[in-house]
Every structure is written in C-alpha cells, then in structure tokens.
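Ready to get to know a new structure by working through it? Grab the viewer, try each exercise yourself, and then check the worked solution.

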Amino acid sequence: MPVRAVVSTGQGPAQLTELDDEDLPDGDVTVDVAYSSLNYKDGLAVTGRGRIVRRPPLVCGIDLAGTVAESASPDWSPGDEVVVTGWGLSETHPGGYTERQRLRSAWLVARPPGLTLAQTMAVGTAGLTAMLCVLALEDAGLSAGDGEVVVTGAGGGVGSVAVALLAHLGHRVVAATGRPALHEYLRGLGAADFVTREELARAAERPLESARWAGAIDTVGSTTLASVLRQAAYGAPVAACGLAGGDDLPITVLPFILRGVRLLGVDSVQCPTPRREQAWARLAADLDPDLLDRMTTVEPLTAVPRLAEDILAGRTQGRVVVDVRA
Ligand SMILES: CCC(=O)SCCNC(=O)CCNC(=O)[C@H](O)C(C)(C)COP(=O)(O)OP(=O)(O)OC[C@H]1O[C@@H](n2cnc3c(N)ncnc32)[C@H](O)[C@@H]1OP(=O)(O)O
Ligand SMILES: NC(=O)c1ccc[n+]([C@@H]2O[C@H](COP(=O)([O-])OP(=O)(O)OC[C@H]3O[C@@H](n4cnc5c(N)ncnc54)[C@H](O)[C@@H]3O)[C@@H](O)[C@H]2O)c1
C-alpha cells in the first residue's frame, strides 16, 4: 500500500509525495512509523539550504518512533516499540517523515519505559542531544552548586530540554535567548536568569572576560560560543553541539591555556548505542513529563515544509512532534 513521505530530490525544497513498499531501502527491520520530529537539521534538509541530504532522492526526517512490523533480526520482533535517531537518517539513509521505514536493526533503541512513543519524539534528536551534553558536563565533573550554567539558544529544542534537565538536577540555569517573549516559558522550565542574545553574540573586545559560567551548553556556535568560552570560569566544561548562529568559532586559545576551560564536542548521530541507552534512561528519569508536554506542539506530516522554514527563521519554540499519520 502506498505511504506518504517528505522526499528531497537534492534540488530545492523537499516535497510531500507517495512511496510504495518497493521504494523502501535495504535493512533487516521494517517499522510502522508513528511519529518523527522537527530539528534544526530537518529545517536545513527539507528547505535544501544545508548540505544534509547526501544521497538523494531521500526521505527526510532525522528521527522516528514506531512499531516493528517485520524483522529479520533476532533482536527485534513485530510489535516492539522502538526509537531511531541519527545514524545517517535523512543524510545517507531514508528517514522518519513517512509512515513506514526500513532500517538496520543495530540502529534501533527500545522505547524507554516511562515514555510514550509520542514523548520519545517530543524528546527526539534535540532532547537526546541535550542529555548527551548534560552527561558530558557531568563526566567533566560539573555538580549542582558549582555556579551558573548557561544554555544558549535556550528557546529552541535542544535548549529547552537542556534548561529543564539542568534545573531539575539542581543547577542555577541562565538562559540565553534573543526572544524576551519566551522568558516566562523558560522560567517555567526552570531558568533562574537570562542573558540577551546580543550580550553573548558581540565580537571579542578582550580575549578573556570576567569569569562567570561554571558550565555551559551551547547550541549556537560562532561568536556566541566564543563569548561563552571567554566568560567560562576556571576549569569550566563547555558542551558544544550546535551551529544555529554559524559554524565558525572566532576565539583565541587563551581561555583554554590560562583558565583550563574545557570545550567538549557532542555528537548524537554516530553516538554509540550504550551511550544512547544511558541518555534515554536518564531522560526517562530526569525530564519532568509535564515540562516536556509544556515545551511540545504536535503537527501533521503535511506541515513539515512550512515548519522547516519556521525553525530556520527562529519562529519555533521548544519541540515539535510530527504525527506522520495525520
Ligand atoms: C543532528 C546533528 C546536527 O544537527 S549537525 C548540524 C547540521 N549539519 C551540517 O550543517 C553539516 C552540513 N555538511 C557540510 O557542511 C559538509 O558536508 C561538510 C561537513 C563541511 C563536509 O563537506 P566537504 O568539505 O565538501 O567535505 P567532504 O564531503 O569531502 O567530507 C570530508 C570528510 O568528512 C566526512 N564527513 C562529511 N560529512 C560528514 C558528517 N555529516 N558527519 C561525519 N563525517 C562527515 C566525509 O566522509 C569525509 O571523510 P572521508 O574523507 O570520507 O574520511
Ligand atoms: N551535535 C548534534 O548531534 C546535534 C543534535 C541536535 C541538534 N544539533 C544542533 O543544535 C542546534 C539547535 O538545534 P535545535 O533542533 O534545538 O534547533 P532550534 O531551532 O529549535 O533551536 C535553535 C535556537 O537557536 C536560536 N538562534 C538561531 N539563530 C541564532 C543566532 N544567530 N544567535 C543566537 N541564537 C540563535 C533560535 O532562536 C532557537 O531558539 C542546531 O544547530 C542543530 O544543528 C546538533
């Protein structure tokens, strides 16, 4: 039976179209997809403005959640509820913006107990990445009570989940946002204070500034990450996962060699399965489901082309679940 899918041809914006079972790629597990989500990278892929889709034509959508329909793998059986993020979905392998997908069994993670399928995509790649950033900060020794932790791009998907997680874990969270209208929303997630986008985005006047941050999660990159590093306290860990403001990093080495600031790169795409499982278990334990609901909207598959424009323009807030059957 034909299914709907958002497909990129590699030229211009992706389009909503229909695919047959014979269009499914190679793989040992077929999943009836229930939900995908909207991430910044989906915005780049669907609009065609980023170099995301590397083997067109390709179904977009970098994550999905659904139920195993067929399995040639001993690890999975029909009826299992599963989640897939990264692993090249929407880059080199067809992704989640469709009602059925075939995948490699090694990419699947069991739906974490305590989260519904819809909630796994409310978390999605963005939320998983926020948790991977928190784990990176914890591994570097950051503890509640160490001082202020700044989250940049706080009103976005990664940022919203990061604010909620860090606040729940007892950190004093400072949210960096260019949208004052989101202050109440971010306070509701646990932000204690705010810095404006402009405060962090300005070019360096001095290679070091007064030390402020005990830790940081940066989703913006460029001059924003450079400011955070210049203001990081002695030995502070800074988890960098994003490029919403640019993929450059205009900085000197001085924060690293004079203050021992630690820049921690975080990747969710090739992240090994045991680390993903650890992150999903922590998300189920440490992310308040009421806050997750508060930061989430649900949209139909047909809205994806418009939503892709919205997320690149900074018009979305928190997380967007894509109901692929709607
Ligand atoms: C969820 C994760 C996110 O949101 S990340 C944010 C979204 N990602 C992006 O905007 C990246 C878009 N991609 C690009 O701009 C280009 O593909 C970049 C990465 C600059 C590479 O392009 P180019 O300079 O032409 O080099 P190339 O294609 O020959 O690759 C060089 C080596 O790097 C590798 N590479 C490429 N893309 C990726 C990737 N996405 N992840 C990991 N590795 C990548 C290539 O395989 C190549 O390595 P090798 O020579 O094959 O060993
Ligand atoms: N490393 C990884 O594995 C990984 C995984 C997920 C997301 N990401 C990256 O993290 C970033 C955030 O992803 P998301 O899905 O939360 O996106 P999002 O659009 O929901 O959030 C981005 C936030 O950054 C803000 N922003 C945009 N341009 C800005 C600028 N110039 N200066 C300051 N703030 C700006 C937006 O207003 C928004 O609040 C993206 O760059 C994405 O590619 C990386």
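## Exercise 1: The surroundings of ligand 2

Ligand 2 has 21 residues around it, and the closest are Gly157, Val158, Cys241, Leu243 and Ser268. Keep in mind that you're looking at a predicted model.

**Task.** Find which backbone atoms make polar contacts with ligand 2, and find how much of ligand 2 the protein buries.

**Solution.**

Step 1. Begin with the oxygen atoms of the ligand. An oxygen atom of ligand 2 sits 3.0 Å from a polar backbone atom of Tyr40, and an oxygen atom of ligand 2 is 2.8 Å from a polar backbone atom of Val158.

Step 2. Now try nitrogen. A nitrogen atom of ligand 2 lies 2.9 Å from a polar backbone atom of Val266.

Step 3. Turn to the area. On its own, ligand 2 exposes 850 Å², and the protein buries 86% of that.

Step 4. Sort the shell by residue type. Around ligand 2 there are eight nonpolar, 10 polar and three charged residues.

## Exercise 2: The surroundings of ligand 1

**Task.** Work out which side chains make polar contacts with ligand 1.

**Solution.**

Step 1. List the shell. Ligand 1 is surrounded by Lys41, Leu44, Arg51, Ile52, Arg54, Ile62, Glu91, Thr125, Leu243 and Val269. That shell splits into five nonpolar residues, one polar and four charged.

Step 2. Check the arginines. Arg51 places a polar side-chain atom 2.7 Å from an oxygen atom of ligand 1, while a polar side-chain atom of Arg54 is 3.4 Å from a nitrogen atom of the ligand.

Step 3. Add the glutamate. An N or O atom in the side chain of Glu91 is 3.4 Å from a nitrogen atom of ligand 1.

Step 4. Finish with the area. Taken alone, ligand 1 exposes 1,000 Å², of which the protein buries 36%.

## Exercise 3: Following the salt bridges of Glu91

**Task.** Which residues form salt bridges with Glu91, and is Glu91 buried or exposed?

**Solution.**

Step 1. Look at the lysine. Glu91 forms a salt bridge with Lys41, with the closest N and O atoms 3.1 Å apart. This pair links distant parts of the chain, since Glu91 is in the loop between strand 6 and strand 7 and Lys41 is in helix 1, 50 residues apart.

Step 2. Look at the arginine. Glu91 also has a salt bridge with Arg54, where the closest N and O atoms are 3.4 Å apart. Here Glu91 is joined to the loop between helix 1 and strand 4, with the two residues 37 apart along the chain.

Step 3. Compare accessibility. Glu91 has a relative accessible area of 11%, so it's buried. Arg54 is exposed because its relative accessible area is 57%.

Step 4. Zoom out. A search of the whole structure finds 20 salt bridges.

## Exercise 4: Backbone oddities

**Task.** Where is there a cis peptide bond, and which residues other than glycine have a positive phi?

**Solution.**

Step 1. Recall the background. Most residues other than glycine have a negative phi, and most peptide bonds are trans.

Step 2. Find the cis bond. Pro56 and Pro57 are joined by a cis peptide bond, with omega about -5 degrees. Pro57 is in the loop between helix 1 (40–47) and strand 4 (58–59).

Step 3. Find the positive phi values. They include Trp87, with phi near 55 degrees, and Ser90, with phi of about 75 degrees.

Step 4. Place both residues. Trp87 is in the loop between strand 6 (81–85) and strand 7 (100–103), and Ser90 lies in the loop between strand 6 and strand 7 as well.

Step 5. Test for burial, using the cut-off of under 20% relative accessible area. Trp87 is at 17%, so it counts as buried. Ser90 is at 0%, so it counts as buried too.

## Exercise 5: A buried glutamate

**Task.** Which side chains make polar contacts with the side chain of Glu209?

**Solution.**

Step 1. Locate the residue. Glu209 is in the loop between helix 5 (197–201) and strand 12 (215–218). Its relative accessibility is 9%, so Glu209 counts as buried.

Step 2. Name the partners. The side chain of Glu209 makes a polar contact of 3.2 Å with the side chain of Arg202, and one of 3.0 Å with the side chain of Gln231.

Notes
Residues numbered from 1 in each chain as written. Chains lettered and ligands numbered in written order. Predicted model: local features only at pLDDT ≥ 70, side-chain atom pairs only at ≥ 80, totals over all residues. Heavy atoms only, no water. Near = heavy atom within 4 Å. Polar contact = N/O pair within 3.5 Å; in protein donor to acceptor, adjacent residues only side chain to side chain. Areas by Shrake-Rupley, 256 points an atom, 1.4 Å probe, with all protein chains shown as cover. Nonpolar A, V, L, I, M, F, W, Y, C, P; charged D, E, K, R; others polar. Helix = DSSP H or I, 4+ residues; strand = E, 2+ residues; numbered from the N terminus. Buried < 20%, exposed > 50% of the residue type's maximum accessible area, 1.4 Å probe, protein only. Salt bridge = Lys/Arg side-chain N within 4 Å of Asp/Glu carboxyl O.
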